[in-house]
Amino acid sequence: MRVLMKATMDTEKANEVIRSGKMPELLQETLDMLKPEAAYFGAIGGRRTALLFLDMQDSSEMPRNGEPFFSQLNAEVEVYPIMNLDDLHRGLSQLR
């Protein structure tokens with residue numbers, strides 16, 4: 001299932017990781033592990049946020065997927081099921 005993972009980073013912890021020079025390495029390792037379809041980064045609600053679009057085969061993957069953000073960045077992690085246009089068309093066709 002395609003999901004959107006939103007990781008909102010703790011500002012103080014993210015500042016610490018940035019000052020240490022480890023943020024690029026941490027993000028690259030995390031992206032290599034998760035293999036997202038797409039990844040975007042920005043400030044949402046005034047906090048550093050990562051938006052990752054992932055294909056999750058099973059809900060049991062959630063702890064592993066969120067752990068780098070929890071343990072390294074004290075992030076708040078949210079996971080939402082999402083659809084692309086093809087998925088939406090298939091779903092809508094089942095309403096008939």
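1. A convenient place to start is threonine 8, which is buried, with a relative accessible area of 7%. The model discussed here is a predicted one, and in it threonine 8 is found in strand 1, a strand made up of residues 2-8. When residues up to four places away in sequence are not counted, threonine 8 touches Arg47, Arg48, Thr49, Ala75 and Glu76, so a reader can find its surroundings by looking for those residues, beginning from a position that counts as buried because its relative accessible area of 7% is under 20%.

2. One of those partners, glutamate 76, deserves a paragraph of its own. Glutamate 76 is found in strand 4, and it is partly exposed, with a relative accessible area of 44%. Setting aside residues up to four places away in sequence, glutamate 76 touches Lys6, Ala7, Thr8 and Arg47. As for leucine 92, that residue is 16 residues from glutamate 76 in sequence, while the two C-alpha atoms are 32 Å apart in space.

3. It may help to step back to the whole chain at this point. The chain has four helices and four strands, and, read from the N terminus on, its elements run β-α-α-β-β-α-β-α. The C-alpha trace spans about 55 × 25 × 15 Å along its principal axes. Of the 96 residues of the chain, 29% count as buried. Among the contacts in the chain with a separation of 6 or more, 70% are accounted for by residues 24 or more positions apart.

4. Helix 1, which covers residues 11-20, has Ala14, Asn15 and Val17 as buried residues. Seen down the axis of helix 1, these buried residues fall within an arc of 165°, and they therefore line one face of the helix. The face of helix 1 that is turned away from this buried side carries the exposed residues Glu12 and Arg19. What lies over the buried residues of helix 1? The cover includes helix 2, strand 3 (47-55) and helix 3.

5. Valine 17 lets one look at helix 1 through a single residue. Valine 17 lies in helix 1 and is buried, with a relative accessible area of 10%. Leaving aside neighbours within four places in sequence, valine 17 is in contact with Lys22, Met23, Leu26, Gln72 and Leu73. The pair formed by valine 17 and glutamine 72 is worth locating in the structure, since the two residues are 55 residues apart in sequence and yet 8.2 Å apart in space, C-alpha to C-alpha.

6. The next point concerns how helix 2 and helix 3 pack. Helix 2 (residues 23-34) and helix 3 (residues 62-73) pack at an angle of about 165°, and their axes are 9 Å apart. That angle makes helix 2 roughly antiparallel to helix 3, and helix 2 passes helix 3 in a right-handed crossing.

7. Which residues meet where helix 2 and helix 3 pack? On the side of helix 2 they are Met23, Leu26, Leu27, Thr30, Met33 and Leu34, and on the side of helix 3 they are Arg64, Asn65, Pro68, Phe69, Gln72 and Leu73. The residues of this contact between helix 2 and helix 3 divide into eight nonpolar, three polar and one charged.

8. Two backbone values should be checked with some care. Most residues other than glycine have a negative phi. Lysine 35, however, has a phi near 50°, which is a positive value in a residue other than glycine. Lysine 35 is placed in the loop between helix 2 and strand 2 (38-44), and it is exposed, with a relative accessible area of 64%.

9. The second such value belongs to asparagine 74, where phi is positive at about 50° although the residue is not a glycine. Asparagine 74 has its place in the loop between helix 3 and strand 4 (76-81). Is asparagine 74 buried, partly exposed or exposed? Asparagine 74 is partly exposed, with a relative accessible area of 45%.

Notes. Residues are numbered from 1 along each chain as its sequence is written. This is a predicted model: local features need pLDDT of at least 70, side-chain atom pairs count only at pLDDT 80 or more; totals for chains, interfaces and linings use all residues. Side-chain values use heavy atoms; hydrogens and water are left out. Axes are lines fitted to C-alpha atoms, for helices over the stretch in contact, and angles run from 0 to 180 degrees between N-to-C directions. Helices (H or I, at least four residues) and strands (E, at least two) are DSSP runs, numbered from the N terminus. Angles under 35 degrees count as roughly parallel, over 145 as roughly antiparallel, 65 to 115 as roughly perpendicular and the rest as oblique. A crossing is left-handed if the near helix is turned anticlockwise from the far one by less than a right angle, and right-handed if clockwise. Contact means heavy atoms within 4.5 Å. Ala, Val, Leu, Ile, Met, Phe, Trp, Tyr, Cys and Pro count as nonpolar, Asp, Glu, Lys and Arg as charged, and the others, Gly among them, as polar. Buried means under 20% relative accessible area, exposed over 50%, partly exposed in between (1.4 Å probe, protein chains only). The arc is that of the directions from the helix axis to the C-beta atoms.
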